[in-house]
Amino acid sequence: MGVIEYPKDPVLEFSEEEKLFRESVREFCEKYIAPKWVEVDEKAEKDPMAIPVDLIKKMGEQGLFCIPCSDKYGGQGGTYTMATIAIEEIAYADPAVALAVYALLNNGWPFALEIFGKEEVCQEIIPEVAKGNAFFGIASTEPQGGSDVAGIKTRAEKKGDVYVFNGEKAYISGVGEVQKLPWGGGWFLIARTGGEGHRGLSAFAFIVRKNGKLKEGWIPTIYEDIGRHGLTTGGFILENFELEKDYLLGEENKGFYHVMEGFNLARIVVAAATIGAARWLLEKAVEWFRQRKLFGGRSIASFQGVSFKFADLYARWEASRYFVYRAARLADKIYIEKDPNFNPKDLNVPVALAKNYGPETCVDLAEEVMKWYGAYAYTKEAPIFRAWLGPFSYVIGAEGAQNIMRYIIARDIIGREFVQG
Ligand SMILES: Cc1cc2nc3c(=O)[nH]c(=O)nc-3n(C[C@H](O)[C@H](O)[C@H](O)COP(=O)(O)OP(=O)(O)OC[C@H]3O[C@@H](n4cnc5c(N)ncnc54)[C@H](O)[C@@H]3O)c2cc1C
């Protein structure tokens, strides 16, 4: 247990199994991730392809990927709440969040693959992702803009038994990992198979490298990011890239609806990562308040300009936790328990609240902690800036821009016809 006790909470109650699971993830993270996260971030800052392959493999052995996926596909046969707990703990140990983001992508998107993919395709991909041998993320964004999913231009033409892809994807996580991990991997990719608009899109299990062999027609590039360096971001051009038709996910031209379900799942664990990193930040603040003395030995927390701000941010963190775990429990009702009283659309507002609130709370908190630390925070010796720049990726827009979350909330509460004008 850290400086801040995990809140005792009869409303947001965890089962004994979930508590034990949290403990076991925490122990793993204390041993293997907490001592390494700064090194991982620093190394990959200099060389984006310095991917922590050994650590990813260890995380796979610990069972931190594909947690909600069925054991018949080599998943962990757990719940979405358990995945959420794991991601929160990984981000607490790695507040620069590269490892947490690796893990959240490789929980959310393989689970979406299982919902829409054919059995043989799931059996081929999920076991390799679970072991940490392969990466499976999301490839939606294109250079012309990520928020406008319905405007995607990449085309997939059906020719006999294959789809032939031409186009370009940008700002995609995992472009380096699919090249460096032993098996390879790919993405839940969205491309245009029909006419204009959201009804012309299809989803694919888009594998670019398998069994260590790269497929032709995939031309990648790697970006230099400002944070969360241990996970690569890149882009790729597709030139007559061929994929067997079995890799289509769900129904042709229904990809927009399928990917929106995937986004809902992934955004829960995105928000979980930011509440984990925020807990680390809150603890750094408390430790600092207890030692930093000014004006004749007064703790800086004795100035209400400091401690009231802390109280406000602590409240936002607790609220974020509610949003995150409520959404995770709903995901379990819909996808694990298959409770007929719930359906995928019930996730829209709860998830948008969690994704909107968690990352903004974390980044606002990081900025305040930097100020509370004073000049020391502006040196690389104090790693707070890493917990600012990493989570900031989720305020800037990864897994959906913040305004898009606000749009979803407004649309579903006020009514689509009023909000779209
Ligand atoms: C580190 C990182 C990793 C990423 N990884 C992936 C990945 O793995 N896969 C993937 O597909 N994408 C990924 N992305 C891209 C991400 O999904 C996009 O950044 C996001 O969808 C926003 O798209 P955009 O950046 O093109 O911004 P734009 O869509 O151009 O938006 C720019 C600004 O306009 C605002 N805006 C846009 N539309 C509206 C609207 N209708 N109403 C109000 N405001 C609006 C947005 O809020 C934003 O502030 C990643 C991004 C980052 C930073």
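How many residues of domain 2 are in contact with how many residues of domain 3? In this predicted model, local features need pLDDT of at least 70 and side-chain atom pairs count only at pLDDT 80 or more, while totals for chains, interfaces and linings use all residues. Residues are numbered from 1 along each chain as its sequence is written, and side-chain values use heavy atoms, with hydrogens and water left out.

**Figure 1. Domain 2 and domain 3 in contact.** Contact joins 14 residues of domain 2 to 14 residues of domain 3, where contact means heavy atoms within 4.5 Å. The protein is divided into domain 1 (16-135), domain 2 (136-249) and domain 3 (256-419); these bounds come from an automatic or database domain assignment. Between the C-alpha centres of domain 2 and domain 3 the distance is 28 Å.

**Figure 2. Three spans annotated in UniProt.** An unreviewed UniProt entry lists residues 15-132 as "domain: Acyl-CoA dehydrogenase/oxidase N-terminal", residues 138-240 as "domain: Acyl-CoA oxidase/dehydrogenase middle" and residues 253-413 as "domain: Acyl-CoA dehydrogenase/oxidase C-terminal". The UniProt positions follow the numbering used here, feature names are shortened, and annotations may be inferred rather than shown by experiment. Residues 15-132 are 69% helix and 0% strand, with end C-alpha atoms 28 Å apart. For residues 138-240 the content is 4% helix and 51% strand, and the end C-alpha atoms lie 20 Å apart. Residues 253-413 are 75% helix and 2% strand, and their end C-alpha atoms are 27 Å apart. Helices (H or I, at least four residues) and strands (E, at least two) are DSSP runs, numbered from the N terminus.

**Figure 3. An aromatic pair between tyrosine 6 and tryptophan 317.** The whole structure holds 33 aromatic pairs. Rings of Phe, Tyr and Trp (its six-membered ring) pair if their centres lie within 6.5 Å; planes under 30 degrees apart count as stacked, over 60 as edge-to-face and the rest as tilted. Tyrosine 6 and tryptophan 317 pair edge-to-face, at 6.5 Å centre to centre and with 90 degrees between the planes. This pair links distant parts of the chain, 311 residues apart: tyrosine 6 is in the segment before α1 (16-33), and tryptophan 317 is in helix α9 (residues 304-336). Both residues are buried, where buried means under 20% relative accessible area, exposed over 50% and partly exposed in between (1.4 Å probe, protein chains only). Arginine 321 is also in helix α9 and counts as buried because its relative accessibility is 0%. Beyond neighbours within four places in sequence, arginine 321 is in contact with Tyr6, Pro7, Asp9, Leu12 and Ile275.

**Figure 4. Aromatic rings in a cluster and beneath arginines.** Ring pairs join a cluster whose members include Phe65, Tyr102, Phe135, Trp187 and Phe241. Elsewhere, the charged end of arginine 22 sits over the ring of phenylalanine 14, 5.1 Å from its centre. Arginine 228 lies over the face of tyrosine 394, at 5.3 Å from the ring centre. A charge sits over a ring if NZ of Lys or CZ of Arg is within 6 Å of the ring centre and within 35 degrees of the ring normal.

**Figure 5. Helix α5, residues 98-116.** Of the 19 residues of α5, 18 are buried. The end C-alpha atoms of this helix are 27 Å apart, in agreement with the 27 Å expected for its 19 residues at 1.5 Å a residue. The expected span is 1.5 Å times one less than the number of residues.

**Figure 6. Two residues with positive phi, cysteine 66 and phenylalanine 295.** Most residues other than glycine have a negative phi. Cysteine 66, in the loop between α3 (53-61) and α4 (80-93), has a positive phi of about 55 degrees. Its relative accessibility is 0%, so cysteine 66 counts as buried. Phenylalanine 295 has a positive phi of about 50 degrees and lies in the loop between β10 (293-294) and β11 (298-299). Phenylalanine 295 is exposed, because its relative accessible area is 69%.

**Figure 7. Glutamine 144 in a loop.** Glutamine 144 lies between β1 (134-139) and β2 (155-159), and counts as partly exposed at 42% relative accessibility. Not counting residues up to four places away in sequence, glutamine 144 touches Gly151, Ile152 and Lys153.
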